Amino acid sequence: MATSLVSIIPECSICLKTPKILPCGHTFCLGCLEILISDKTNTFPCPICQQDVKIPEGGAKMFTTNFILQTSKHTTQVKKQPPSTTQPRCPNHNQREVDYYCNDCNIGLCSKCIFKQHKYHETLDSKCDETRSKAIENLERSQNIIQNRIKNLEKTRCTLLESFEQLKTLCENSCTRVTAKTEQIVSDVRQRCEQIIKDIGKNLKENKSKVEDREMEIVCEINRLERNSELNISPSSKSTLNILQTLPRLVEIEKQSRKENNMCLQYLQWGDDDDDEEADYSDEDDDDEDDDEEDEKSEFILKQLGSVISKPFYIPGSYQFLYDLTDVENSGGIYYHTDKFRNNKVVWSCGARRHSDGLFIYIKLLPDDSHKVDYCIIDYQISVLNFDDDSKTKTKTIMYKRLKRGSGWSWFWRVLPWSKFDDKNNGYINSNGQFLVRFYITQISEISWK
């Protein structure tokens, strides 16, 4: 000890210039404190312990100067020593060691402060071995719960990412199939359009030939009529006998002309359905057959497209319900936790009951909170956690469970005998008389909405 100076002086947490000590016991430099309180009016939180500190009149410079720390800046440290084991000091009385811990205020204080200012608070003797042992036990238990929670979250994260990858692959495959089917449909329509155009051209060519032939016949008939009908004869120049003798031949020519005129109309009216009932009937049959074929193709296309539409993507999830043992024992029936677990717009609750000298766990889909749900199909796990040993955690796995409105909304499971569960030495009940139930939905196969 004579050859070295042990640096046990607390250092400024910011930059070690003009150190000022706060009522909570932490030290900071004057310059940094002035910056810290520049936008504050009455109080500010300590940067380390977050305790509210009142700003004195006159500003940061009115805080007590840490002369010990200021003096230590001019002292040469010869050799670095291990961290000091000096007991922490009371923030209100620097000369007194911390004797008690105030659980309500989360601060260590000397006996004078405890009995004067924290008389009615929950306090613990910080120097008692039992207090330290209990604190370490609670710390380790909390750390284990947090570690288990982290593991469960990591597992859920992996499941979520795997599910999304499956969804991504399914969507990519669906897009490929839809694209291929669309290209096939477009190809079929294009081929059919080309065939229709060819048929129209063929029909035009055939009718053009018929029109030309008939035109020649008409021209010949006009010439014949003009030659034989004696249209240029004037009745006044003919005798009555000659006129009477000419009339039978003209009437015959007239009848023949009317007949040929009807034949001409048949060629000219191929687009008119009113004068050709037989043709109209035949055309309707063809149209009906074409409509039937189109309907069949449409149904086939819809069926093919519908088969590649992916199912909705539901995200798995979990929730932990922390119960007080006394609530379950005093309920006289099923005690449902006040917390609710919402997953994919469906709300769940978890209940516990002491029945037939055993612990029963109930899972219930809340109908009032999930009033739009008709039924759902899920895979899930129920676990009663063990605080001391993960291997003793009780887990029940349920696969493809269908829960329908009106019946089967709840499911129960007898975990273990009450005598084993109630024994705190078995690790299911913590020091506060609480136990933990985890509800984990691993997969949602289907949700039917009303």
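Trainee: Which residues make the nonpolar surface patch of about 250 Å²?

Mentor: This is a predicted model, and the patch is read from its surface. One member, Ile243, sits in helix H5, which covers residues 240-268. The patch of about 250 Å² is made by Ile243, Leu244 and Leu247.

Trainee: Is Ile243 buried, partly exposed or exposed?

Mentor: The relative accessible area of Ile243 is 32%. Buried means under 20% and exposed means over 50%, with partly exposed in between. Because its value is 32%, Ile243 is partly exposed.

Trainee: How many salt bridges does the structure hold?

Mentor: A salt bridge needs a side-chain nitrogen of Lys or Arg within 4 Å of a carboxyl oxygen of Asp or Glu. One of them joins Asp388 to Arg141, with the closest N and O atoms 3.7 Å apart. The number of salt bridges in the structure is five.

Trainee: How many residues apart are Asp388 and Arg141?

Mentor: Asp388 forms a salt bridge with Arg141. Asp388 lies in the loop between strand S14 (373-384) and strand S15 (394-404), while Arg141 lies in helix H4 (residues 129-228). The pair links distant parts of the chain, and the separation is 247 residues.

Trainee: Is Arg141 buried or exposed?

Mentor: Its partner Asp388 has 52% relative accessibility and counts as exposed. Arg141 has a relative accessibility of 12%. The limit for buried is under 20%, so at 12% Arg141 counts as buried.

Trainee: Why are Arg157 and Glu154 separated by about one helical turn?

Mentor: Arg157 and Glu154 form a salt bridge, their closest N and O atoms being 3.9 Å apart. Arg157 is partly exposed at 47% relative accessibility, and Glu154 is partly exposed at 41%. The separation is about one helical turn because the two are three residues apart in helix H4.

Trainee: Which parts does the salt bridge of Lys340 and Asp369 tie together?

Mentor: The side chains of Lys340 and Asp369 meet with an N to O distance of 3.1 Å. Lys340 lies in the loop between strand S10 (335-336) and strand S11 (341-343), and Asp369 in the loop between strand S13 (358-365) and S14. The pair therefore ties together two loops, at positions 29 residues apart in sequence.

Trainee: Which class of exposure do Lys340 and Asp369 have?

Mentor: Lys340 has 47% relative accessibility. Asp369 has 29%. Values between the 20% and 50% limits count as partly exposed, so Lys340 is partly exposed, and Asp369 is also partly exposed.

Trainee: Which residues are joined into one network by salt bridges that share partners?

Mentor: Asp388 and Arg141 form one salt bridge. Shared partners extend the connection to Glu137. The network is Glu137, Arg141 and Asp388.

Trainee: Which strands stand at the edges of the open sheet of four strands?

Mentor: The order in this sheet is S9-S17-S14-S15, with antiparallel pairing. An edge strand has a single partner strand, so one side of it is left without a neighbour in the sheet. Neighbouring strands are turned by 25 degrees against each other on average, direction ignored. The edge strands are strand S9 (317-324) and S15.

Trainee: What is the bridge partner of Ser318 in S17?

Mentor: S9 and strand S17 (residues 434-449) pair in the antiparallel sense over eight bridges. In S17, the bridge partner of Ser318 is Tyr440.

Trainee: Which residue in S5 is the bridge partner of Lys20?

Mentor: An open sheet of three strands has the order S2-S1-S5, with antiparallel pairing. Its edge strands are strand S2 (27-29) and strand S5 (64-65), each pairing on one side only. Two bridges join strand S1 (residues 19-21) to S5. The partner of Lys20 in S5 is Thr65.

Trainee: How many helices and strands are in the protein, and what percentage of its residues is buried?

Mentor: The protein has eight helices and 17 strands. It exposes about 30900 Å², of which carbon and sulfur atoms supply 51%. Of the 450 residues, the buried share is 27%.

Definitions and conventions:
Residues are numbered from 1 along each chain as its sequence is written. This is a predicted model: local features need pLDDT of at least 70, side-chain atom pairs count only at pLDDT 80 or more; totals for chains, interfaces and linings use all residues. Side-chain values use heavy atoms; hydrogens and water are left out. Patches are made of residues with over 30% relative accessible area and no salt bridge: like charges are joined within 9 Å, nonpolar side chains (Val, Leu, Ile, Met, Phe, Trp, Tyr) within 5 Å. Accessible areas come from the Shrake-Rupley method with a 1.4 Å probe; for residues, only the protein chains shown count as cover. Buried means under 20% relative accessible area, exposed over 50%, partly exposed in between (1.4 Å probe, protein chains only). Two strands pair if DSSP finds at least two bridges between them. Axes are lines fitted to C-alpha atoms, for helices over the stretch in contact, and angles run from 0 to 180 degrees between N-to-C directions.
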